[in-house]
Amino acid sequence: MIGFGQAGGKVVDRFIEFDRQTRGKTVRAAIAVNTAKSDLHGLEHIPQENRVLIGQTRVKGHGVGADNELGAEVAQEDIEEVQAALDGVPVHEVDAFLIVAGLGGGSGSGGAPVLAKHLKRIYSEPVYGLGILPSSEEGGIYTLNAARSFQTFVREVDNLIVFDNDAWRATGESVEGGYAKINDEIVRRLGLLFGAGEVDEGDVVAESVVDSSEIINTLAGGGISTIGYAVDQLGDQKKGGLLSRFSKEADLDEVDETNRITSLVRKATLGRLTLPCEVQGTERALLVVAGPPNRLNRKGIERGRKWLEEQTGSMEIRGGDYPLPKENAVACAVLLSGVNNVPRVKELQQVAIEALENIEDIREQSDRNLAELLADGDEELSPLF
Ligand code: GDP
């Protein structure tokens with residue numbers, strides 16, 4: 001997992017913490033790349049030796065501002081420094097790369113697509129992106145950066161999972177407090193999804209446990225992805241004392257358990273997605289249901305999968321469970337891959353097109369202004385007057 005820029009670094013840092021807290025094994029190795037020294041200092045969990053400061057000769061550790069063209073140039077020039085950090089991690093043990101970046105800024109926005117291209121050239125493992133879109137309150141330059149970076153990033157990666165800050169911004173909250181919550185949300189969703197593929201066969205009696213190849217197959221084919229999530233806390237199981245523990249298998253009502261899962265699948269899909277979009281027309285999807293093994297009702301998961309087939313109109317819907325024996329909740333994550341009807345993406349494409357036209361207009365205007373200025377200058381300098 002590689003965090004590029006400030007947002008990217010913070011999300012990956014939080015991911016390592018989450019892995020530790022949940023004894024997860026999702027992050028095999030983590031690297032942070034940035035042009036700003038202070039951002040790298042602010043990280044808590046990514047090992048020091050895996051924090052790569054690039055662009056020192058150009059920006060002297062002060063960052064690239066929100067200049068994503070400079071971010072891309074610096075990444076290109078110093079790609080070998082990132083490669084040196086990658087050489088220190090056991091790449092042969094990873095299933096895939098995930099590059100995380102905020103697309104509205106400079107370093108991550110410009111650098112993440114450059115890094116994706118490099119990784120694809122060097123390694124055979126899939127390269128995924130997690131692109132964070134800026135909130136509309138941030139202003140024009142952030143939207144413009146995101147619009148440009150998005151188009152390049154989606155082309156360079158095998159799949160771009162998108163998180164839209166705009167859909168998740170809460171009013172009346174400090175920016176930093178808001179980001180902490182948002183980052184938790186990102187990590188919870190991706191943690192459930194990717195963690196599912198890390199269950200060892202010896203860990204549990206595996207019935208229909210999600211395999212990492214199923215995640216890879218769902219993401220294969222490219223495009224944009226979004227993730228839905230829903231959770232249902234179970235009641236206090238200890239209440240009934242010892243007796244309830246012995247009888248808990250028998251006590252479970254099959255119909256209730258099936259319904260719990262089908263309703264979780266609906267809530268996850270129709271609730272707030274990381275990138276809001278039309279579910280109909282999704283090319284592929286993966287459904288993961290996590291919780292205590294006796295709650296992972298097969299019929300519920302199968303019905304949830306069928307329901308997703310109807311909603312998306314796709315036949316390529318995978319589903320499976322993720323047994324977490326110590327949990328007292330059942331959670332569901334739905335990965336919708338290859339989504340086609342996304343208003344926010346259309347809006348960004350429009351911004352990119354307008355900006356391009358604008359840039360041409362501005363260039364023509366400034367050429368004219370310069371020509372006029374030079375003509376004026378000629379007049380002024382003429383010794384004949
Ligand atoms: P960079 O360091 O130049 O790559 O830029 P940043 O990562 O600081 O900012 C890029 C964009 O990421 C901003 O415009 C915000 O939309 C977003 N952002 C910054 N920090 C966070 C964060 O902690 N979490 C999330 N979700 N988004 C962030």
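1. Let me start with the second largest pocket of this predicted model. Its lining counts 34 residues, and Gln6, Ala7, Gly105, Tyr142 and Tyr179 are the ones that lie nearest the centre. The space inside comes to about 580 Å³.

2. Where do the residues around the second largest pocket come from? At least two each are supplied by α1, α6 (107–122), β5 (127–133) and α9. Helix α1 gives the largest share, with six residues. By class, this lining divides into 17 polar, 13 nonpolar and four charged residues.

3. Now to the largest pocket, which holds about 880 Å³ of space. Here 30 residues form the lining, and those that lie nearest the centre are Thr22, Tyr322, Pro323, Leu324 and Glu327. Two or more lining residues come from each of α1 (5–22), α9 (175–196), β7 (224–233), β8 (284–291), β9 (317–323) and β10 (329–337). You may like to keep the class make-up at hand: 14 nonpolar, eight polar and eight charged residues.

4. Which domains contribute to the largest pocket? Both domain 1 (2–195 + 343–376) and domain 2 (212–337) give at least three residues to its lining. Those two domains are what the domain assignment of the protein chain provides, and their centres, taken over C-alpha atoms, are separated by 30 Å. In the contact between them, domain 1 takes part with 26 residues and domain 2 with 27 residues.

5. On to the sheet. It is open and built from 10 strands, with mixed pairing, and the order reads β3-β2-β1-β4-β5-β6-β7-β10-β8-β9. Why do β3 (51–53) and β9 each have one side without a neighbour in the sheet? They stand at the edges and have a single partner strand each, so there is nothing from the sheet on the other side. From one strand to the next, the twist averages 20°.

6. Helix α10 (residues 212–219) packs on this sheet, where its contacts are β5, β6 (159–164), β7, β8, β9 and β10. The direction of α10 makes about 145° with that of β8.

7. One strand pair deserves a look of its own: β4 (residues 97–102) runs parallel to β5, and six bridges join the two. If you want a specific place to inspect, Leu98 has Tyr128 of β5 as its bridge partner. As a general reminder, backbone hydrogen bonds are what pair the strands of a sheet, in either the parallel or the antiparallel sense.

8. Finally, the enclosed space. How many cavities of 30 Å³ or more does a search of the whole structure find? The search returns one. The largest cavity has a volume of about 30 Å³, and around it are Leu130, Ile161, Val162, Phe163, Ile186, Arg189, Leu190, Ile227 and Thr274. Both β6 and α9 supply at least two residues of this lining. Seven of the residues lining the largest cavity are nonpolar, one is polar and one is charged.

9. A helix to follow through these points is α9. This helix gives at least two residues to the lining of the second largest pocket, two or more to that of the largest pocket, and at least two to that of the largest cavity. Helix α1, for its part, contributes to the linings of the largest pocket and the second largest pocket.

Key: Residues numbered from 1 in each chain as written. Predicted model: local features only at pLDDT ≥ 70, side-chain atom pairs only at ≥ 80, totals over all residues. Heavy atoms only, no water. 1 Å grid on protein atoms, 1.4 Å probe; cavity = no way out; pocket = protein on both sides within 12 Å on 5 of 7 lines; lining within 4 Å. Points joined across faces, edges and corners; volume = space filled by probe spheres on them. Helix = DSSP H or I, 4+ residues; strand = E, 2+ residues; numbered from the N terminus. Nonpolar A, V, L, I, M, F, W, Y, C, P; charged D, E, K, R; others polar. Domains from an automatic or database assignment. Pairing = 2+ DSSP bridges. Axes fitted to C-alpha atoms, helices over the stretch in contact; angles between N-to-C directions. Contact = heavy atoms within 4.5 Å.
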